[in-house]
Amino acid sequence: MTQTIGIIGSGLVGKAVAHLAIAAGYNVVISNSRGPETISGLVKDLGPRARAGTVEDAIVAGDIVTISIPIAAFEQLPGDKFAGKVVLDQTNYYPGLGDFRRDDLDQGELTSSELIARQLKGAKVVKGLHNLSWIHMQANAAPKGDANRTTLPIAGDDAGAKQAVTTFLDDIGFDVIDAGSLADSWRIEPSTDIYFWRYAPEVPLDATDEETRRKYQQPGKPLSREEARKLVDEAVRPSPIGGTFEGMPQIHVTLFFEQASADTVKK
């Protein structure tokens, strides 16, 4: 029976997940906070395996539900609707982005995925598919056995949910390693060595603007399971906690602000 991925968020990340899921043979129900009528064009582009729905529709339909929104919007999620659901948490904490900041995250009292799990009562939350850009989610995906296949980490507290997410990520083009519990997920958060840079291609400093754009949207160097495991095991908790735009290449920031919706940037 064909599985369905429920996607909450129709921005850059949600679109990338939808394209990958459909290419792998999944059905998709994609949603946003503005209503299904606002993404009719996107659904038409995605084809017959996709349909637009409300956030509640995506939750009900999804065998896996992705949280593909800025973490600043987490309190808008209907926390009482997720009981028993496998949730793939793609959010990342960037302190101050959209004026969102929390002392409990800044002090390392909990991880961002533990915060999401508290909001989504009874959900089986797995952190994953969060540590590479929307561009490289698609550019780096590769078939099973391909020499260019790269490895992503996941973290979570439910073994069955982690297996479900592993199968999904395997289907859409990635090898997977287990980075531990949600409490351990700081090891794969922004500013750690397995976050972002390992999946982005190197761009020569003397490249023209056009060359930089073209090069940056190509796949990065593949990361093996062994290399990924070493990065996770040797991770040191960042201080300060969280990501910054200053830690990204300028071309990434430029493309983000060009392509992201006004609501995404604001939040």
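Modeller: Helices (H or I, at least four residues) and strands (E, at least two) are DSSP runs, numbered from the N terminus. The model to which these names are applied here is a predicted one.

Biologist: In which loop is Ser191 found?
Modeller: Ser191 has a phi near 80 degrees, a positive value in a residue that is not glycine. With a relative accessible area of 46%, this serine falls between the cut-offs of 20% for buried and 50% for exposed, which means that Ser191 is partly exposed. As for its place, Ser191 is found in the loop between β8 (175–178) and α8 (209–216).

Biologist: Does Phe196 count as buried or exposed?
Modeller: Phe196 lies in the loop between β8 and α8, and it takes a positive phi of about 70 degrees although it is not a glycine. Its relative accessibility is 3%, and since buried means under 20%, Phe196 counts as buried.

Biologist: How many helices and strands does the secondary structure of the protein chain come to?
Modeller: The C-alpha atoms of the chain fill a box of roughly 50 × 40 × 40 Å along the principal axes, and 52% of the 267 residues count as buried. Among contacts with a separation of 6 or more, 70% come from residues 24 or more positions apart. The secondary structure of the chain comes to 11 helices and eight strands.

Biologist: What radius of gyration does the protein chain have, and what would a compact globule have?
Modeller: The chain has 267 residues, and for that number a compact globule would have a radius of gyration near 18 Å. The value computed for the protein chain agrees with this expectation, for it is 17 Å.

Biologist: Which residue of β4 is the bridge partner of Ile5?
Modeller: Strand β1 (residues 4–8) runs parallel to β4, and four bridges join the two. On its other pairing, β4 is joined to strand β5 (residues 86–89), again in the parallel sense and over four bridges, with Leu88 as the partner of Thr66. Both faces of β4 (residues 64–67) are covered, with Ile64 and Thr66 buried on one side and Val65 and Ile67 buried on the other. The bridge partner of Ile5 in β4 is Ile64.

Biologist: Why do the buried residues of α7 line one face of the helix, and what arc do they fall within?
Modeller: The 14 residues of α7 (residues 159–172) should span 20 Å at 1.5 Å a residue, and the end C-alpha atoms are indeed 20 Å apart. An α-helix has 3.6 residues a turn, so residues three or four places apart point the same way. The buried residues of α7 are Ala161, Lys162, Val165, Phe168, Leu169 and Ile172. Seen down the axis of α7, these residues line one face because they fall within an arc of 125 degrees.

Biologist: At the start of α7, a side-chain oxygen of Asp158 reaches to the backbone nitrogen of which residue?
Modeller: Just after α7, at its other end, Gly173 takes a positive phi of about 130 degrees. At the start of α7, the side-chain oxygen of Asp158 comes to within 3.0 Å of the backbone nitrogen of Gly160.

Biologist: Against which strands do the buried residues of α9 pack?
Modeller: In α9, the residues Ala228, Leu231 and Val232 are buried. They cover an arc of only 95 degrees around the axis, and therefore lie on the same side of α9. The strands against which these buried residues pack are β7 (151–156) and β8.

Biologist: The backbone oxygen of which residue lies 2.9 Å from a polar atom of the side chain of Thr111?
Modeller: Thr111 has its place in the loop between α4 (103–106) and α5 (112–119), where it counts as buried at 1% relative accessibility. Leaving aside residues up to four places away in sequence, Thr111 touches several others, including Trp186, Glu189 and Arg237. The backbone oxygen that lies 2.9 Å from a polar atom of its side chain belongs to Leu182.

Biologist: How far apart in space are Met137 and Val17, C-alpha to C-alpha?
Modeller: Met137 is placed in helix α6 (residues 134–139) and counts as buried at 1% relative accessibility. Apart from residues up to four places away in sequence, it touches Val17 and others, among them Val13, Leu20 and Phe174. Met137 and Val17 are 120 residues apart in sequence, and their C-alpha atoms are separated in space by 7.8 Å.

Biologist: Which peptide bond is cis, with omega near 5 degrees?
Modeller: Pro240, one of the two residues concerned, lies in the loop between α9 (225–233) and α10 (250–259). The cis bond is the one from Ser239 to Pro240.

Key. Residues numbered from 1 in each chain as written. Heavy atoms only, no water. Expected span 1.5 Å × (residues − 1). Buried < 20%, exposed > 50% of the residue type's maximum accessible area, 1.4 Å probe, protein only. Arc of directions from axis to C-beta. Polar contact = N/O pair within 3.5 Å; in protein donor to acceptor, adjacent residues only side chain to side chain. Pairing = 2+ DSSP bridges. Rg over C-alpha atoms; globule rule 2.2 N^0.38 Å. Contact = heavy atoms within 4.5 Å.
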